[in-house]
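Thank you all for coming. I would like to walk through one chain with you this morning, and I will ask you to keep the view open while I talk.

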Amino acid sequence: MNLNPVTAIDGYKVDHRRQYPDQTEIVFSNLTARTTRRNYTDKMVFFGLQYFIKDFLIKCWNADFFQQPKEVVIRRFERRINNYLGANNVGTQHIADLHDLGYLPIKIMALPEGSVYPLRVPCLVIFNTDERFFWLTNYLETILSTNIWGMCTSATTAHEYKKIFTKYALETDGSTEFVNWQGHDFSFRGMFGAQAAVMSGAAHLLSFTGTDTIPAIDFLEDYYLADSDKELVGGSVAATEHSVMCAGGMENELETFRRLIEDIYPAGIVSIVSDSWDFWQVMTDFTMQLKDKILARNGKVVFRPDTGSPVKMICGDASAPLGSPEYKGAIECLWEVFGGTESSQGYKQLDPHVGLIYGDSITIEIAEAICAGLKAKGFASTNVVFGIGSYTYQYVTRDTDGFAVKATFAKIAGIDKEIFKAPKTGDGIKNSAKGLVAVYKNKQGDFYLKEQASWSDVYHCEFIPVFENGKILNEVSLAEIRARLAAN
């Protein structure tokens, strides 16, 4: 749908303009992740603002507001609000005045995208540049929040996976080269619509290069100066699904494997669903029958189960009969058939002609348990690729990390006023900062908040101007964001 930008708000904001004190001139707000419901998160990754600026603040406002005839804009606004609230005194003159101005009189300053910053430290500030439009700052709160919190949350989640995979790769492999491919985005079909899938998929690609969400690559080219002709934005390999594997019939499953690795994909990487019927038969019987063909290929055959307990399927089940495939787990079964080498740390690495990907029910906790389980068995963590799905990326809300836009400063009749909330009935989590806010770095390179700051502080801290009066400033590329994030 095409949003009408002037009514892309929570309904209760329609008449806040008249509710502010008379002679209000400036409203200054910030976006902050105030807390977290995840025990592994103490810092956030900032991402998504440039998309919001280009797509909504510029494209949407220009095409659907400023470039439309004023009478059309006013009529559309008046119809929607009167139908929504009934006859009221909201008025339309402020909308007409904004249309006459011809641009959004708003300034946004923010941390560089890709920054890793602590909870309760603002990632951006927003305020009006024309005193007539003080009401516009928090009028934009809803659309700002809904466009950015999810991308920050997904970027933070992907970064947590990347930290786990990097840690275990260094301990068991000695190299982190494969880690960029170890987290693969499988979330597209499970997200709340294509737009959410693409926004989250782009956030995933800050930390990894593996994805099945192809439109996320387009997104990063459209909004973040990426160019897949010149850089690896995102990629994948040839892969099957259950319909393909089942179509030939259970009695011909081995022939389906053979056809795939000999006739259709005689070289390169191919990922094959392996649990349509009996995964352990594939691991112990089919692999033996196909061993010579697999080892003769110039490429890798990746086996893919996606049922059962991920940790037990990969690392083995101690409660299963001793010596059974279930007891050993998939990686040990592949090792017994294909062998491999040992890393400089002394951990087993499968022969490069075979691998395994698991893409069901993977969470941060399960991924770490699998890496730890492989290490305990003497295997490198890099023997496995993890499909990260919508359970990870969709099963979150704005409250997961407590994102909120709050006004902390106003100028009224020429007088500066601190705005803050500190509910006595709360636990302090919802307490806001006071006054103007600025963010600095300490000697260790960590961001910290300075509240009750001055305008000089705001303009000379870690915030950089990114939007002012309808124009984007200081564009950033995917390559820059990835480099900044990787440094953390």
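Let me begin just past the end of a helix, at glycine 174, which follows H6 and has a positive phi, near 90 degrees. Please bear in mind throughout that this is a predicted model.

Going back into the helix itself, H6 covers residues 141-172, and at 1.5 Å a residue its 32 residues should span 46 Å, which agrees with the 46 Å between its end C-alpha atoms. How many of the 32 residues of H6 are buried? The count is 25, so H6 is largely enclosed by the rest of the structure. Part of its surroundings is a set of strands, since H6 lies across strand S1 (24-33), strand S5 (124-128) and strand S15 (403-412), and the helix runs at about 140 degrees to S15.

Those strands bring me to the sheet, which is open and has 7 strands in the order S16-S15-S1-S5-S3-S19-S20, with antiparallel pairing. At its edges stand strand S16 (415-418) and strand S20 (471-472), each of which has a single partner strand, so that one side of each is left without a neighbour in the sheet. Further in, strand S3 (residues 106-110) and strand S19 (residues 464-468) run antiparallel and are joined by 4 bridges, and within this pair isoleucine 108 of the one has phenylalanine 467 in S19 as its bridge partner.

I now turn to a loop, the one between strand S13 (354-358) and helix H16 (364-376), where isoleucine 362 has its place. Is isoleucine 362 buried or exposed? Its relative accessibility is 2%, and because the cut-off for buried is under 20%, isoleucine 362 counts as buried. Leaving aside neighbours within four places in sequence, the residues in contact with isoleucine 362 include Tyr161, Pro310, Ile370 and Phe386. Valine 311 is 51 residues from isoleucine 362 in sequence, yet the C-alpha atoms of the two are 9.5 Å apart in space.

Threonine 363 is found in the loop between S13 and H16 as well, and with a relative accessible area of 13% this threonine is also buried. A polar atom of its side chain lies 3.1 Å from the backbone nitrogen of isoleucine 366, and, not counting residues up to four places away in sequence, threonine 363 touches Tyr161, Tyr391 and Thr392.

Finally, for the annotation, UniProt lists residues 183-440 in an unreviewed entry as "domain: Nicotinate/nicotinamide phosphoribosyltransferase". In the model that span is 36% helix and 19% strand, and its end C-alpha atoms lie 32 Å apart.

Key: Residues are numbered from 1 along each chain as its sequence is written. This is a predicted model: local features need pLDDT of at least 70, side-chain atom pairs count only at pLDDT 80 or more; totals for chains, interfaces and linings use all residues. Side-chain values use heavy atoms; hydrogens and water are left out. UniProt positions are given in the numbering used here, feature names are shortened, and annotations may be inferred rather than shown by experiment. Helices (H or I, at least four residues) and strands (E, at least two) are DSSP runs, numbered from the N terminus. Buried means under 20% relative accessible area, exposed over 50%, partly exposed in between (1.4 Å probe, protein chains only). Contact means heavy atoms within 4.5 Å. The expected span of a helix is 1.5 Å times one less than its number of residues. Two strands pair if DSSP finds at least two bridges between them. Axes are lines fitted to C-alpha atoms, for helices over the stretch in contact, and angles run from 0 to 180 degrees between N-to-C directions. A polar contact is a pair of N or O atoms within 3.5 Å; within protein, one must be able to donate a hydrogen and the other to accept it, and residues adjacent in sequence count only if both atoms are side-chain atoms.
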